Amino acid sequence: MVRLMRLFAAWTQRAGFECGAADRVLLARLVTCGRCRATDLAADVFLDLSTVSRQVRSLVDRGLVERHPDPEDRRGSLLSATEAGRAAYQSAVHRREAELTRLLEPWPVEDRALLTRLLKRLNDDLVDGTYTSLGTGQHPVGEARQGDLHA
């Protein structure tokens with residue numbers, strides 16, 4: 001598993017993704033799920049609020065995310081992806097999908113389907129296990145599961 005994660009990190013670096021992993025995860029969440037508060041974003045992606053705040057500041061500075069006043073609490077703000085952020089997200093998704101398609105094209109269809117099914121199961125179990133270990137119970141119903149986010 002460690003080797004796989006290292007290989008994926010090297011692969012994404014070679015692919016020339018402009019954003020780091022944390023940026024991609026946060027941007028994916030904002031693009032696919034819409035506006036949210038930084039605290040909710042941190043909880044959704046299992047990152048510390050200070051880490052998310054630092055990453056969000058960078059995304060805002062680069063014009064990929066914007067802040068809006070929270071109508072329910074004027075002291076807070078809601079975050080959303082900008083047009084440039086959505087375009088960067090879509091570009092990263094397309095490049096990743098093209099590279100994975102190229103890499104897996106020689107595999108038999110049955111093997112690709114099995115890999116997809118097992119990775120989705122592993123991701124879902126990891127998400128549920130993380131919620132359980134945090135004492136929050138099962139993953140909230142209606143929230144996007146790992147297979148739903150293209151980070």
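Helix H1 (2-14) and helix H6 (109-133) each contribute at least two residues to a nonpolar patch on the surface of this predicted model. The patch covers about 680 Å² and is formed by Met 1, Leu 4, Met 5, Phe 8, Leu 119, Leu 122 and Leu 126. Of these residues, Leu 126 is located in helix H6. Its relative accessible area is 47%, so Leu 126 is classed as partly exposed, the limits of that class being 20% and 50%.

The patch belongs to a protein with six helices and two strands. Read from the N terminus, the order of the elements is α-α-α-α-β-β-α-α. The protein comprises 151 residues, of which 27% are buried. An area of about 9900 Å² is exposed, and 56% of it is supplied by carbon and sulfur atoms. Among contacts between residues at least 6 apart in sequence, 49% join residues that are at least 24 apart.

Two packing arrangements of helix H2 were examined. Packed helix pairs are described by the angle between their axes and by the distance between those axes. The axes of H2 (residues 21-33) and helix H4 (residues 49-61) come within 10 Å and cross at roughly 80°. H2 is therefore roughly perpendicular to H4, since angles of 65 to 115 degrees fall in that class. On the H2 side, Ala 22, Asp 23 and Leu 26 make the contact, while H4 provides Val 52, Gln 55, Val 56 and Leu 59.

H2 also packs with helix H5 (residues 83-104), at an angle of about 110° and with the axes 10 Å apart. H2 and H5 are therefore likewise roughly perpendicular to each other. In this pair, Leu 27, Ala 28, Val 31 and Thr 32 of H2 meet Gly 85, Arg 86, Ala 88 and Tyr 89 of H5.

Charged side chains were considered next. Side chains of opposite charge can pair when their charged atoms come close. With a limit of 4 Å between the side-chain nitrogen of Lys or Arg and a carboxyl oxygen of Asp or Glu, the count comes to seven salt bridges. One of them joins the side chains of Arg 37 and Asp 70, with an N to O distance of 2.6 Å. This pair links distant parts of the chain, 33 residues apart: Arg 37 lies in the loop between H2 and helix H3 (38-45), and Asp 70 lies in strand E1 (residues 65-70). Arg 37 is partly exposed, with a relative accessible area of 26%, whereas Asp 70 has a relative accessibility of 6% and therefore counts as buried.

Salt bridges were also found within helices. In helix H5, Glu 99 and Arg 102 are three residues apart, about one turn of the helix. The closest N and O atoms of their salt bridge are 2.3 Å apart. Arg 102 is exposed, with a relative accessible area of 53%, and Glu 99 is partly exposed, at 23%.

Helix H6, which also contributes to the nonpolar patch, contains the salt bridge between Lys 120 and Asp 124. Here the closest N and O atoms are 2.5 Å apart. Because Lys 120 and Asp 124 are four residues apart in H6, about one helical turn separates them. Lys 120 is partly exposed, with a relative accessible area of 42%, while Asp 124, at 8% relative accessibility, counts as buried.

Key
Residues numbered from 1 in each chain as written. Predicted model: local features only at pLDDT ≥ 70, side-chain atom pairs only at ≥ 80, totals over all residues. Heavy atoms only, no water. Buried < 20%, exposed > 50% of the residue type's maximum accessible area, 1.4 Å probe, protein only. Contact = heavy atoms within 4.5 Å. Areas by Shrake-Rupley, 256 points an atom, 1.4 Å probe, with all protein chains shown as cover. Patch = residues over 30% accessible without salt bridge, like charges linked within 9 Å, V, L, I, M, F, W, Y side chains within 5 Å. Axes fitted to C-alpha atoms, helices over the stretch in contact; angles between N-to-C directions. Parallel < 35°, antiparallel > 145°, perpendicular 65-115°, else oblique.
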